[in-house]
Amino acid sequence: YTQENLIGTLLAIFGNLLVSISVSIQKQSHVALAGNKDPRQYYYTKTWWSGLMLMVLGEGALFVSYAFAPLSLIAPLNAVSVISSSILGFLFLREKWKAQEFLKRYILTFLGCALTAGGTYLFVTFGPNSHEKLNAENIVKHVIGWPFLLYLLLGIITFCLVLYFYKQQNANYLVLILLLVALLGSVTVITVKAVSGMIVLSILGPLQLSYPIFYVMFVCMVATIVFQASFLAQASHLYDSSLIACVNYIFCTTFAIVAGAIFYQEFNHEDVLHICMFLLGCAICFFGVFLITKSKRKVKAFEPYVTMDMAKGIPTIHNKGWAVQPDYNGSFSYGALENNDSVAPVPLPVDQELSSACASQDNNRRSN
């Protein structure tokens, strides 16, 4: 195991840990604001900004790790973030399970963490050790090589076909959406490794930033990241986040390993036993992540509720908010926090309006 691989692996583990901690801190900021009925926006809190700074630091460590270790070794290490998020969700955010759900969810989560940790040990131990210096000449050689050109052609054809079914045939299947994300992600990790490697090499040795290939890779990196975020946002509106996390990890890791094997030829000098053990470790990680995400609690969806103003006697409907019991504040309400922005009077049926008008006219006549 080379020194550069060790540096890259430790940076990737450190970066994933920081990212998961930052997400938990930012989530805690949102929970605190909602629980205290704080009218401030989340970006005015110090907690949220602390989480953002940790996330930037973690993503920076991940970015640099690609310059030292093989792509096929860094990509599966996203499982570290899944493990740490599960543990932090239980400890830091104090997420609890009911007694009858303990065996079903609590045990499955830690079984998944154990399997993921074991799989991580396997693929790190038997992962590829070969790693070349990513100067501009080597990058260009890989770009114009026939293995990558063939892979790129097949990837573009597959992407266009899946995009056609998704957009034109309204095939809003999670597998199709995340397949688009994974195809883009395979290009993203190739370009990230190239950009990161050339930047680090420019700092340590000869300058590489004057070559056009650096800017080509940088533009491709930014473009694919933007489109990935767009497709992930579309998926998040249709499917549960835990399911998205599981399928996306499996797809993106698989395509990243294939991209590393084709573009950077990371498995050319590995024997069959090491490759099989590496793939076994990845498969165990996939199953562990599946168990972790399967046992995640699903947040109860908000259900509209009606309140009655005691003074005016007018019913109002609330169609947005949080699934939290509100405090009594002069009106009877049940089922969610008060959210005045989404309060609208409930229109009465036409028959009731006519009967109300007739009743008011009769009262006027009697008073006269």
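Counting disulfides, taken as pairs of cysteine sulfur atoms within 2.5 Å, gives zero here. The model is a predicted one, in which local features need pLDDT of at least 70 and side-chain atom pairs count only at pLDDT 80 or more, while totals for chains, interfaces and linings use all residues. Residues are numbered from 1 along each chain as its sequence is written, and side-chain values use heavy atoms, with hydrogens and water left out.

Let's look at two of the cysteines. The closest cysteine sulfur to that of Cys 285 belongs to Cys 282 and lies 6.6 Å away, too far for a bond. Cys 285 is buried, at 1% relative accessible area, whereas Cys 276 is partly exposed at 44%. Here buried means under 20% relative accessible area, exposed over 50%, and partly exposed in between, using a 1.4 Å probe and protein chains only.

Now turn to helix H6, residues 136-143 (helices are DSSP runs of H or I, at least four residues, numbered from the N terminus). Its buried residues are Ala 136, Asn 138, Ile 139 and His 142. They sit on the same side of H6 because they span an arc of only 165 degrees around the axis, taken from the directions from the helix axis to the C-beta atoms. Glu 137 and Lys 141 are exposed on the face turned away from that side. The cover over the buried residues includes H7, H8 (174-204), H9 (212-236) and H10 (241-263), with contact meaning heavy atoms within 4.5 Å.

Finally, find Leu 150 in helix H7, residues 146-167. Leu 150 is partly exposed, with a relative accessible area of 42%.

How values were computed
Helices (H or I, at least four residues) and strands (E, at least two) are DSSP runs, numbered from the N terminus.
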